[in-house]
Protein chains: 2
Amino acid sequence: MSVPVAGPVLVAGSGLLGTSVGLALRRAGVEVQLDDVDASVLAAAVARGAGLPRKESSPDPTLVVIAVPPGAAGQAMADACRFANATVTDVTSVKALPMEQARAAGADPQRLVGGHPLAGRELSGPGAARLDLFDDRVWVICPGDGADPARVDAVVDLVVTCGGVPLRMSPLEHDRAVALTSHAPQVMASLLAARLLDADPEAVAVSGQALKDMTRIAQSDPILWQAILRANAGSVAEVLTALADDLSEVIEDLRAGEAAGATAGALTRGVAGRQRVPGKHGSAADAYDVVAVVVADRPGQLASLFVAAGDLDVNLEDVRIDHVLGKPSGLIELSVRPDVSARLCDGLRQRGFDVRN
Amino acid sequence: MSVPVAGPVLVAGSGLLGTSVGLALRRAGVEVQLDDVDASVLAAAVARGAGLPRKESSPDPTLVVIAVPPGAAGQAMADACRFANATVTDVTSVKALPMEQARAAGADPQRLVGGHPLAGRELSGPGAARLDLFDDRVWVICPGDGADPARVDAVVDLVVTCGGVPLRMSPLEHDRAVALTSHAPQVMASLLAARLLDADPEAVAVSGQALKDMTRIAQSDPILWQAILRANAGSVAEVLTALADDLSEVIEDLRAGEAAGATAGALTRGVAGRQRVPGKHGSAADAYDVVAVVVADRPGQLASLFVAAGDLDVNLEDVRIDHVLGKPSGLIELSVRPDVSARLCDGLRQRGFDVRN
């Protein structure tokens with residue numbers, strides 16, 4: 001059974017994640033000490049109520065949360081071991097390399113328990129921090145080799161106190177997992193989008209929602225992603241090599257003409273693999289019915305549609321808006337549980353909506 | 001200047017696309033003859049009002065629209081040339097191979113003008129047809145070698161009469177375009193999703209919206225996609241080979257350790273390439289601000305949010321719902337024009353919404 005983490009907790013780094021950790025701990029009444037190399041960032045985090053600046057005279061922390069950029073995390077974890085009794089964790093999105101760097105820089109392996117909350121935002125800095133950023137989000141906990149079980153429990157307490165859902169993995173398991181589910185997809189999205197650069201305008205005009213979906217994350221910050229991919233280069237290369245092998249089999253199969261071998265296999269296995277992507281509330285992907293409705297592209301039009309769905313007591317699991325070329329209207333796709341889709345279609349039609357099912 | 005297409009038009013194949021073509025032409029008052037190998041499908045299309053069954057005694061059509069499965073389209077186009085004066089077009093999503101098959105089967109090259117309306121649905125059959133399925137959608141027109149310009153004009157008239165936006169390309173240009181924007185992305189989505197099959201459950205749990213986006217189309221029908229990829233195997237293999245080359249450069253770069261070469265290049269080029277993906281109303285991708293709001297996962301909650309946006313006179317350009325693990329609440333991301341995002345945030349907060357920006 002998890003209990004509120006025992007403070008004081010030092011949060012080193014007062015950006016989005018560090019300040020959010022501070023806010024979440026303060027919400028639970030835990031004493032928080034804050035630090036940042038940038039005095040104005042630190043002041044902003046303090047002003048948000050995330051904690052008080054750590055001073056020489058402050059009591060030693062029982063737990064240190066390193067929330068600095070990935071490249072600096074290893075050294076910061078080692079430095080944090082100057083507090084003789086403190087458990088040391090971090091919030092870096094890659095685990096093996098920073099923890100290895102921490103050990104190489106003299107960190108105490110018994111006190112080192114890495115962490116990675118799966119809660120990002122497009123925004124950054126203490127101003128974007130939220131006290132509920134981690135609520136109900138998976139927060140991976142990666143004990144290093146030789147970590148003291150009591151220290152692991154302390155980090156579990158931290159995660160639960162911050163509202164997160166602890167998920168324990170080894171650093172390498174974590175890095176392989178994010179290579180598969182996040183880092184390799186990022187590379188593929190970027191490569192697909194990069195291929196559009198040399199295409200004729202007419203060719204790019206012949207595209208739809210699929211291309212939008214497949215290139216959305218190609219908009220991500222290249223500097224940040226270069227750092228992430230560098231820090232997890234080994235595991236990402238491993239996943240990409242497996243993908244490259246699969247891809248070359250498909251190419252060979254297509255050149256042979258029938259698409260019945262590796263191509264058909266990839267399509268079939270893809271359907272099965274997609275079933276494993278977590279859906280709503282972390283459950284396996286649900287199969288929803290899609291109800292398509294055309295509405296005018298004006299303020300209030302979506303609202304009237306959603307009010308109607310609410311009146312019909314239908315919960316919308318997902319919504320997608322597909323704007324159509326050159327006209328002030330949009331195709332709205334509402335995902336709903338299969339047992340309510342007929343009721344939604346009928347009810348919307350009765351209310352005059354242009355349902356396309 | 002385009003005019004309503006001169007009938008009678010024979011639509012051969014009364015599935016979703018054929019019946020929708022019939023409905024769209026009937027809307028414009030054009031005489032439509034229908035045909036299908038399956039008498040019950042034909043009867044359903046007639047019952048929908050898409051036209052009347054073609055009989056031996058019917059007048060010869062001036063235009064034939066082939067709307068049969070890809071594998072049968074070539075022969076059907078050749079067969080349609082039995083009507084001595086008819087222009088022959090189709091709605092197949094691949095162009096070069098069916099048109100080549102049509103010529104090989106004796107079709108008159110002067111009368112052959114391929115077509116591909118970019119308007120699909122998850123559903124199929126005449127029951128799912130809509131008279132406005134093609135409204136404002138790109139409809140690619142591919143004149144074959146030696147096509148009579150007057151025949152091309154007739155197909156432009158057909159497209160405009162059906163509500164579509166004609167876009168002229170050669171069959172090969174078309175096939176290369178869809179290989180790039182649709183078929184290669186489909187293969188990559190399937191390969192990424194297939195890689196999840198062998199992953200540990202914990203590894204798959206460490207995933208977010210990016211993986212969902214990147215594998216959504218992996219849910220597509222494998223049988224249909226095998227047929228599409230087979231029909232466009234050459235162009236798809238070409239795009240995939242270029243991707244494979246790019247991918248192997250990234251793998252090599254990652255193995256070298258710095259991610260500063262091909263990896264950084266792919267990320268940067270990906271951002272630029274993504275800018276070319278058509279956005280709302282076929283314009284270049286717009287840059288929207290994202291406003292994040294947490295709402296309870298119950299009927300009516302989304303509605304109240306959208307009513308508030310409407311009250312604030314803010315048009316929502318896109319909506320995404322990110323359900324969070326284990327809790328009955330969802331994170332709603334509203335995309336809006338940057339000049340109205342501050343007004344939306346303030347207004348929603350004043351109305352008690354949990355805005356996360």
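Let me begin at a single residue: just after helix α10 of chain B, G257(B) takes a positive phi of about 110°. Please keep in mind throughout that this is a predicted model. The helix that precedes this glycine, α10(B), covers residues 233-256. Its 24 residues, at 1.5 Å a residue, should span 34 Å, and the end C-alpha atoms are 34 Å apart, so the expected and computed spans agree.

Staying with backbone geometry, I turn to chain A. D313(A) has a phi near 60°, a positive value in a residue other than glycine. Most residues other than glycine have a negative phi, and most peptide bonds are trans. D313(A) is located in the loop between α12 (301-311) and β10 (318-323) of chain A.

There are also cis peptide bonds to report. In chain A, the bond from G7(A) to P8(A) is cis, with omega near -5°, and P8(A) belongs to the segment before β1 (9-12) of that chain. In chain B, the bond from G7(B) to P8(B) is cis, also with omega near -5°. P8(B) is likewise placed in the segment before β1 (9-12) of chain B.

That strand leads us into a sheet. In chain B, five strands form an open sheet in the order β3-β2-β1-β4-β5, with parallel pairing. The edges are taken by β3 (52-53) and β5 (87-90) of chain B; each has a single partner strand, so one side of each is left without a neighbour in the sheet. Within the sheet, β1(B) is joined by four bridges to strand β4 (residues 63-66) of chain B, and the two run parallel. One position to look at is A12(B), which stands opposite I66(B) in β4(B). Helix α3 (residues 70-80) of chain B lies across β1, β4 and β5 of that chain, running at about 165° to β4(B).

What does helix α3 of chain A pack against? Its partner is helix α4 (residues 96-104) of chain A, at an angle of about 35° and with the axes 7 Å apart. The crossing of α3(A) past α4(A) is right-handed. On the α3(A) side the contact is made by P70(A), A73(A), G74(A), Q75(A), M77(A) and A78(A), and on the α4(A) side by P98(A), Q101(A) and A102(A). By class, this contact has six nonpolar residues, three polar and no charged.

Chain A also offers an open sheet of three strands, in the order β6-β7-β8, with mixed pairing. Its edge strands are β6 (113-117) and β8 (165-168), each pairing on one side only. Neighbouring strands are turned by 25° against each other on average, direction ignored. Strand β7 (residues 138-143) of chain A runs parallel to β8(A), joined to it by four bridges. In that pair, W139(A) has P166(A) as its bridge partner.

Finally, how do the two chains relate? A rotation of 180° with 0.1 Å of shift along its axis superposes chain B on chain A, with an RMSD of 0.1 Å. That is the relation of a two-fold axis. Their contact takes 114 residues from chain B and 114 residues from chain A. On the side of chain B, the largest share, 17 residues, comes from helix α6 (residues 171-195). By class, that side has 67 nonpolar, 23 polar and 24 charged residues. Of the interface residues of chain B, 99% are also interface residues in chain A, so the copies meet through the same surface.

Terms used: Residues are numbered from 1 along each chain as its sequence is written. Chains are lettered from A and ligands numbered from 1 in the order in which they are written. This is a predicted model: local features need pLDDT of at least 70, side-chain atom pairs count only at pLDDT 80 or more; totals for chains, interfaces and linings use all residues. Axes are lines fitted to C-alpha atoms, for helices over the stretch in contact, and angles run from 0 to 180 degrees between N-to-C directions. A crossing is left-handed if the near helix is turned anticlockwise from the far one by less than a right angle, and right-handed if clockwise. Two residues are in contact if their C-beta atoms, placed from the backbone, lie within 7 Å. Ala, Val, Leu, Ile, Met, Phe, Trp, Tyr, Cys and Pro count as nonpolar, Asp, Glu, Lys and Arg as charged, and the others, Gly among them, as polar. Two strands pair if DSSP finds at least two bridges between them. The expected span of a helix is 1.5 Å times one less than its number of residues. Copies are superposed by least squares on the C-alpha atoms of residues with pLDDT of at least 70 in both.
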